[in-house]
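Let's take a walk through the empty spaces of this structure and then look at its cysteines. Keep the 3D view open as you read.

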Amino acid sequence: MDVIVWSSEVDGKNFEGAGFASQTTRSKLKQLGLNSDLIRRVAIAMYEGEINMVIHADGGVATTEIFPDRITITLRDTGKGIENIELAMKEGYSTASDSVRDLGFGAGMGLPNMKKYADEMIIESEVGKGTTVCLIFRLV
Amino acid sequence: MIKIDKSFCAVNIDKDKCMGCTNCMKKCPTEAIRVKGGKAQIDFARCVSCGECIRTCSYKAKTSVYDALDIINKYKYKVALLPPSLFGQFKNVMEPELVANAMKNIGFDDWFEVARGADIVSSVTREILCGKDIPKPLISNACPVCVELILYRYHGLADNLMTTLPPLEISASLAREKAAHDTGLDDEDIGIFFISPCAAKICSIKRGLYTENVQINGVLSAWDVCLKLMQVPASEVSIRQKLIASNLGLAWATSGGEVSNIQKGRQLAADGILNVMNVLRELEAGKLTDIDFVELNACPGGCVGGVLNIENPFVCKSKIHSIRRNALLYKTNTVDNVGDAKPEDYKLNEWQPVNVFKLDTNFVRAFEKLQQLESLTKELPGYDCGLCGAPTCRAFAEDIVNNRAEISHCVKYKTDKV
């Protein structure tokens, strides 16, 4: 046993298409017979990440890796980056445009929810270069 | 009472008629069908009895399994349970009373409306939605296909399913009580028979999906019963009983009928198996966070679209609307029929999801199989042509890792090798 990896591109500006990566991940986790609560947490956190990439970064790449003891989800984009990560982590804080908010997104709950559902979350971001969010879910 | 058979299958395949085309296999929402040796086979552990394979089969090789009409003769006193969709099956009959009372002309002693159970469930649902700590959204459990889909495929939503009895089971108990009260006969002399519009309701009763204490003795098909009813001249039917169910109870025959009974919060109603699956997928992904109640019907248009009905679902739907409009003229109040129905009187056990898609019960082996599955999927052409006998290349790869198929069954793989 080593690792199972797959990646999907997340199409920017396509709200309908967001969710494809988390859906694929979810069906594979089901095939592994993992418990439904864990699968739900992974899928919801990953979906929030996909939406974030659509709203703020014109898309990106979502990668899932399954190790014997953990699942890691890496959401990597080359968007505008986050200026103040601490502020971005606050519930309700949002830099989404009005047009995005009109669609019902951008309520400032994305990152806080991802942190809530994952066992561990690491964010690396550089303004003008992009953001990488890594979510870790432990299996044992 | 019916003997519970957990392995009951609602679909029968006539091997002589099956041509081995891939139509049913492609339509199956749980990928339960494979074509082997030129004939379709169903894996009943995955089958949710949605009836899509029956609906789609061009050669009429698939039929629903139900009891023969003469089963009712085993009982002294026979009661027919009538689903609201039955009242919309006859082109020239506007009065539901005529249909209901004609049951006595074809061998039944009495009849009982499932819509009365629906009135009770509506009232119970309203009460539940007023309570605290209810799952959001609450999902209706009236369509057994949708219940099984959630249990098999959308596990994350099992806790959202209602845990009270659905209309059919409640009506069956009420019909039995009424029959015992009216006749004074012993329980074993009373036969309660449901006239089913679909394969799934039959399966849910025979498998004891909701309760193992099923008060039904047999399940007939709406098809058989309608053909028999058609031979009864209207002049010979004596209309002694009127319908008791409310206009809103009758609404349950069509999609959107159940939610029309709920005033609180935001509701959503989806019908047709693909639409239902889209909604379940979005719900499981946490996308539809502002919905309070969800009604799901696997058949297009709701129960009027069941595969055992004789009438076109849209015609049936329009008839049900007219019947409801007429019903409104003389009764509008559901409360009288329902009394003080409380959710705790109709409590079910918590739903237990069953993962029918896991590759292995052992995690280490499942992990290895998923690895193989991933690399196999890359090798396969991705045409999803179905010639190997599996609905998609990925499903075929799944079969290979589970030793149910060999890669040589792939036509593209074979020709490339040559």
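Start with the second largest cavity, which holds about 90 Å³ of space. Keep in mind that you're looking at a predicted model. This cavity has 14 residues in its lining, and the ones nearest its centre are B:Cys28, B:Pro29, B:Cys47, B:Cys50 and B:Cys53. Sorted by class, that lining comes out as 10 nonpolar, three polar and one charged residues.

With those cysteines in view, how many disulfides are there over all chains? The count is zero. Take B:Cys53, one of the residues nearest the centre of the second largest cavity: the nearest cysteine sulfur belongs to B:Cys24 and sits 6.2 Å away. A disulfide needs the two sulfur atoms within 2.5 Å, so B:Cys53 is in none. B:Cys53 also counts as buried, at 9% relative accessibility.

B:Cys393 tells a similar story. Which cysteine sulfur is closest to that of B:Cys393? The one in B:Cys410, but at 6.3 Å it's too far for a bond. B:Cys393 is buried as well, with a relative accessible area of 10%.

Back to the voids. There are five cavities of 30 Å³ or more, and the largest has a volume of about 380 Å³. Its lining takes in 34 residues; closest to the centre are B:Ala142, B:Lys201, B:Trp252, B:Asn297 and B:Cys303. If you'd rather navigate by secondary structure, look in chain B for helices H4 (114-130), H5 (144-153), H6 (167-183) and H7 (199-207), plus strand S11 (293-297): these are the elements that each give two or more residues to the lining of the largest cavity. The residues of that lining split into 23 nonpolar, seven polar and four charged.

Now for a space that is open. The second largest pocket encloses about 900 Å³, and both chains contribute to it: of its 29 lining residues, A:Gln23, A:Ser27, B:Glu31, B:Arg153 and B:Arg394 lie closest to the centre. From chain A, helix H1 (20-31) gives two or more residues to the lining, and from chain B so do helices H1 (23-27), H10 (273-284) and H14 (393-401). Which element gives the most to this lining? That's H1(A), with eight residues. By class, the lining of the second largest pocket has 12 charged, 10 nonpolar and seven polar residues.

Methods:
Residues numbered from 1 in each chain as written. Chains lettered and ligands numbered in written order. Predicted model: local features only at pLDDT ≥ 70, side-chain atom pairs only at ≥ 80, totals over all residues. Heavy atoms only, no water. Buried < 20%, exposed > 50% of the residue type's maximum accessible area, 1.4 Å probe, protein only. 1 Å grid on protein atoms, 1.4 Å probe; cavity = no way out; pocket = protein on both sides within 12 Å on 5 of 7 lines; lining within 4 Å. Points joined across faces, edges and corners; volume = space filled by probe spheres on them. Helix = DSSP H or I, 4+ residues; strand = E, 2+ residues; numbered from the N terminus. Nonpolar A, V, L, I, M, F, W, Y, C, P; charged D, E, K, R; others polar.
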